[in-house]
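Let's walk through this one together, one question at a time. Have a look first, and then we'll dig in.

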Amino acid sequence: NIVYFYARSTAYFLDGNYKSSLIDAEACIILNPGFNKPYMRKGAIFHAQRKYNDAIAAYQDGLAKFPNDRELKAGLLRSQSEKETTDKLEREKEDAHQGRESA
């Protein structure tokens, strides 16, 4: 039952059990690809794990099926923004490290 899998995915997510949450979200997508919430859950799971490329892909997959979904669009923008920030910080860290090695 899709309602059961989605509710359990949510409970696992809130408990920080991302692996089990992802399994149930993917089961929801298989059982009913016309249900938008599991795509949102997948994106949120990856975002919470700071796997921004995976989160972006999950949101984009959802938006391919539900192009007007505001939650999916917002999740995509959040993950893209976090990825940008994280990438920038990593570059600055690398630059600082290379600067110390050169000195």
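Q: Is Asp87 buried, partly exposed or exposed, and what is its relative accessibility?
A: Keep in mind that this is a predicted model. To count as buried, a residue needs under 20% relative accessible area, and to count as exposed it needs over 50%. Asp87 falls in between, so the label is partly exposed, with a relative accessibility of 29%.

Q: Which residue does the side chain of Asp87 meet in a salt bridge?
A: Look along helix α5, where the two residues are 4 apart, so about one helical turn separates them. In a helix, residues three or four places apart point the same way, because there are 3.6 residues a turn. The N to O distance is 2.6 Å, and the partner of Asp87 is Lys83.

Q: How many salt bridges does the structure hold?
A: The pair Asp87 and Lys83 is a salt bridge, and Lys42 forms one with Glu26. Another joins the side chains of Glu71 and Lys37. Over the structure, the count is 5.

Q: How far apart in sequence are the parts that Lys42 and Glu26 tie together?
A: Start with the contact itself: the closest N and O atoms of this salt bridge are 3.5 Å apart. Lys42 sits in helix α3 and Glu26 in helix α2, so the pair ties together parts whose separation in sequence is 16 residues.

Q: Which residue of the Lys42 and Glu26 pair is buried?
A: The cut-off for buried is under 20% relative accessible area. Glu26 has 33% relative accessibility, so it's partly exposed. Lys42 comes in at 16%, so the buried one is Lys42.

Q: Which helices hold Glu71 and Lys37?
A: These two side chains meet in a salt bridge, at 2.6 Å from N to O. The pair links distant parts of the chain, 34 residues apart. Glu71 is in helix α5 and Lys37 is in helix α3.

Q: How far away from Asp69 is the nearest side chain of opposite charge?
A: Asp69 is found in the loop between α4 and α5. It's buried yet has no salt bridge. The nearest side chain of opposite charge is that of Lys37, at a distance of 6.3 Å.

Q: With which side chain does the side chain of Asp69 make a polar contact?
A: The Asp69 side chain reaches the backbone nitrogen of Glu71 at 3.0 Å. For a side chain partner, look to the loop between α2 and α3. There you'll find a residue that is buried, with a relative accessible area of 19%. The contact is 2.4 Å and the partner is Asn36.

Q: Which elements do the buried residues of α2 pack against?
A: Helix α2 has 14 residues. Its buried residues are Ser21, Leu22, Asp24, Ala25, Ala27, Cys28 and Ile29. They pack against α1 and α3.

Q: How many residues does the largest nonpolar core have?
A: The elements giving two or more residues to this core are α2, α3, α4 and α5. Among the residues with the most contacts inside it are Tyr39, Tyr59 and Leu72. The core's residue count is 16.

Q: Which residues is Leu72 in contact with, leaving aside its neighbours within four places in sequence?
A: Leu72 is one of the residues with the most contacts inside the largest nonpolar core. Beyond its sequence neighbours, its contacts are Tyr39, Met40, Tyr59, Gly62, Leu63 and Phe66.

Conventions
Residues numbered from 1 in each chain as written. Predicted model: local features only at pLDDT ≥ 70, side-chain atom pairs only at ≥ 80, totals over all residues. Heavy atoms only, no water. Core = buried A, V, L, I, M, F, W, Y, C linked by side-chain atoms within 4.5 Å. Buried < 20%, exposed > 50% of the residue type's maximum accessible area, 1.4 Å probe, protein only. Contact = heavy atoms within 4.5 Å. Salt bridge = Lys/Arg side-chain N within 4 Å of Asp/Glu carboxyl O. Expected span 1.5 Å × (residues − 1). Lys, Arg positive; Asp, Glu negative; His and termini not counted. Polar contact = N/O pair within 3.5 Å; in protein donor to acceptor, adjacent residues only side chain to side chain.
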